[in-house]
Amino acid sequence: MSFLDKLFPDEVSDNKHTNIADSTQNKPEEKSDIKIVKPKPQVTFNNSLSNHDKRVQLEEKMASLATEYSSLRGSLKKTLFAERDEFQSSKNTTEQKIADLTANQEKYSKQKEALLAEDDADLLEKLESNKQQLLNQTELIEKYQEQNNGVEDELKNNNDDIKEVENAIESNKQAESNLSEEIKNETDLKKMYELMEKQKKSVAHLYEDREKLSKSRDKLLKKNEELTSENQQLLNNIEEATNISTNIKKQITQLDTQIKTNTQKRTQNISQLENQLSIISKELNNNKNQLLSINKSIKSLDSKIQETFNSNYLVRDVSFSTKKTYAILQPSNDKSGQLTKEIYNYISQINKSKALTLTNLENTDTILPEGKIFNLYADLQFSSKPTEKRVSIQDRPDWKTLKNENETKILDQSDNLLMTVHFKNQKISSIDYFTDEHLNKTNIYNQDGILSKTKFYTEKETIDEETYYRTDGSTVLTKQFESEQLTSVQLFDEDGLQTNVFSNEYQLAKWWITNIKKDYENLVLIGDPTDDTFKNMSSDKELNIESLVYLENVHSNIGRIRALLHSKPIINDILVTTQDDLQSIEDITDRDINVSVIKKPDYEANSAKLPNSLI
């Protein structure tokens, strides 16, 4: 039953709709248990009731209504922001699509331009060069052929001359044979001598002619050899030039084929790119139109959120991640640890995982939450073998004691103050030692009575040095002071060797948190922004740690909180205690911000402000 049903039970209508559903009119209808009513102008009471009783009933109902309204307001806020997140997610996706499409459009356009600029100039130049080479080889072949034709004609003529000379030689030999035959056939010796005498000149002429013919034939044969060699060389040249021409023709064919293939491939690629660009253009237009629609829906939701929650800016819950480790740094103003415990419980509940608790405070009555705790001084001073020596004060006959509540003063017989013993829960917590009435040293003990720290003072009773001890009695840390200002912090190992030196308290805390970070990835530090340690850690660029601030009593410190929201680094995530604190931030913020309330009270007078549309 809704809070209005409780007040006006007879006016329930299941079929009415409010403006809350306007932003989801394009979504599938969801079932809801909320019933919308038409309120009556007034509440009727039993006439027997006094005005006092009526007023009490009205106040009780108003308190109940405010509590339920606060719950409904929170549910509405989560629903509106969930719906806005859906649109924002769609917007991010669409914007990424537009960015990808635009990048592809630019890439494909450049590819198209590059293809259009390609003209195979190198291949065409090479083709023209090969054609010129082919022409040159063709002309060379023709030249060799023409030369060879002349050589072959000359060789033919020379062969004819050789045959002619050889025929003449044969005729000469035949004439000689005929003369020799005449002599052989003459039987008369006298006539034979006369015939020989008569042929003597003819034979001489025959030998002379034969010698000339032989020389002429040798000359012609030599020329024939030269012409044959020249003919063969020309034929070789023609063959070589022909082979070169054949190879050039092959290259020309290959180049021509490659140019045609390249042209065809470019044409196909350009066509494909144009198709892709056309598709991208359509998708871009669709996504841009979709983005306009999404932005319009987001703007409408923003207006509804701002109107409903009385804020010009969006204030939503802090988003937590199970992939992160949240560590709460106990603020210096939370000595009891109650605030730290409340933050711990909230983080553990909302994030479904245990948070870490960090503290660099010493000697407090802190009751820290359960779970993993990192205590700077307690961890440094821990020893697995603590000393059995415990503090105790033995009475001496020459001492006087003055006992007060939680304090005992010890004096000598001359009433000079020797020491002041302080008690806590009936145990010695510290002892101040005096010399000539001047404080020179203070021993501080833990709850087990083991010496924890010694403070040494100057003659003017100002702090000079502090020494911290492990529970086994060894020195672990010393602090040096000048004019009450810390100048040096020194760490020692169990053997008494110095391991680290720091110039101030924060450097010690930084060393501490740095070692913690090594074991925890994605560490988020939660703390009070007015706490010096947290403020230094969250702004330390070298430390580079994510932070989440916690603000208390915002409504009582508006001026300080306003200044804090404008400080750097910019604070975007805030934890607060009450709904009033949340409302105060909603009222003063000048930007979108994330704020979560760690306490959920039943009712607060200022926690249920109605939106303007319901007033």
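Here a biologist and a modeller talk through a predicted model.

Biologist: Let's start broad: how many helices and strands does the secondary structure of the chain come to?
Modeller: The chain has 615 residues, and buried ones make up 35% of them. Counting up its secondary structure gives 10 helices and 20 strands.

Biologist: And among contacts between residues at least 6 apart in sequence, what share joins residues at least 24 apart?
Modeller: That one is a count over contacts in the chain, leaving aside pairs under 6 apart in sequence. The share that joins residues at least 24 apart is 56%.

Biologist: Okay, the open sheet. Which strands stand at its edges?
Modeller: The sheet has 10 strands, in the order β7-β8-β9-β10-β11-β12-β13-β14-β15-β16, with antiparallel pairing. Two of them have a single partner strand each, so one side of each is left without a neighbour in the sheet. Those edge strands are β7 (400-404) and β16 (498-502).

Biologist: What does the twist average from one strand to the next?
Modeller: Sticking with that open sheet of 10 strands, go along the order strand by strand. The twist averages 15°.

Biologist: Zoom in on β10 and β11: which residue of β11 does Thr435 stand opposite?
Modeller: Strand β10 covers residues 427-435 and β11 covers 438-445, and they pair in the antiparallel sense over 6 bridges. Opposite Thr435 in β11 you'll find His438.

Biologist: Now Ser414: is that residue buried or exposed?
Modeller: Ser414 sits in the loop between β8 (407-411) and β9 (417-424). In space, C-alpha to C-alpha, Ser414 is 9.7 Å from Asp398, which is 16 residues away in sequence. The relative accessible area of Ser414 is 56%, and the cut-off is over 50%, so Ser414 is exposed.

Biologist: Moving on to β17 and β18, what is the handedness of the crossover between them?
Modeller: Strand β17 (residues 523-527) pairs with β18 (residues 546-551) in the parallel sense over 4 bridges, and Leu525 stands opposite Ser547 in β18. The chain gets from β17 to β18 by way of helix α8 (residues 532-539). This β-α-β crossover is right-handed.

Biologist: Which helix makes a β-α-β unit with β18 and β19?
Modeller: β18 also pairs with β19 (residues 573-576), in the parallel sense over 3 bridges. The bridge partner of Val549 in β19 is Ile574. The helix in this right-handed unit, residues 558-565, is α9.

Biologist: How wide an arc do the buried residues Ile561, Leu564 and Leu565 cover around the axis of α9?
Modeller: An α-helix has 3.6 residues a turn, so residues three or four places apart point the same way. In α9, Ile561, Leu564 and Leu565 are buried. They are on the same side of α9, because the arc they cover is only 95°.

Biologist: What do the buried residues of α9 pack against?
Modeller: Among the buried residues of α9 are Ile561, Leu564 and Leu565. Their packing partners are β18, β19, α10 (579-588) and β20 (593-597).

Biologist: Salt bridges next. Which residue does Lys599 meet in one?
Modeller: The structure holds 22 salt bridges. In this one the N to O distance is 3.3 Å, and the pair links distant parts of the chain, 257 residues apart: the segment after β20 and helix α5 (residues 338-351). Lys599 is partly exposed, with a relative accessible area of 34%. Its partner is Glu342.

Biologist: Is Lys510 buried or exposed?
Modeller: Lys510 meets Asp540 in a salt bridge (3.2 Å, N to O). Asp540 lies in the loop between α8 and β18 and Lys510 in helix α7 (residues 505-517), so the pair ties together parts 30 residues apart in sequence. With a relative accessibility of 12%, against a cut-off of under 20%, Lys510 counts as buried.

Biologist: Which other residue forms a salt bridge with Lys510, and is that partner buried or exposed?
Modeller: The closest N and O atoms are 2.8 Å apart, and the partner is Glu542. Glu542 lies in the loop between α8 and β18, so the pair ties together parts that are 32 residues apart in sequence. At 67% relative accessibility, Glu542 counts as exposed.

Biologist: Last one: which residues are linked with Asp120 in a network of salt bridges?
Modeller: Side chains of opposite charge can pair when their charged atoms come close. In this network, Asp120 is linked with Glu118 and Arg266.

Definitions and conventions. Residues are numbered from 1 along each chain as its sequence is written. This is a predicted model: local features need pLDDT of at least 70, side-chain atom pairs count only at pLDDT 80 or more; totals for chains, interfaces and linings use all residues. Side-chain values use heavy atoms; hydrogens and water are left out. Two strands pair if DSSP finds at least two bridges between them. Helices (H or I, at least four residues) and strands (E, at least two) are DSSP runs, numbered from the N terminus. A crossover is right-handed if, with the strands pointing away from the viewer, the path from the first strand over the helix to the second runs clockwise. Axes are lines fitted to C-alpha atoms, for helices over the stretch in contact, and angles run from 0 to 180 degrees between N-to-C directions. Buried means under 20% relative accessible area, exposed over 50%, partly exposed in between (1.4 Å probe, protein chains only). The arc is that of the directions from the helix axis to the C-beta atoms. Contact means heavy atoms within 4.5 Å. A salt bridge is a side-chain nitrogen of Lys or Arg within 4 Å of a carboxyl oxygen of Asp or Glu.
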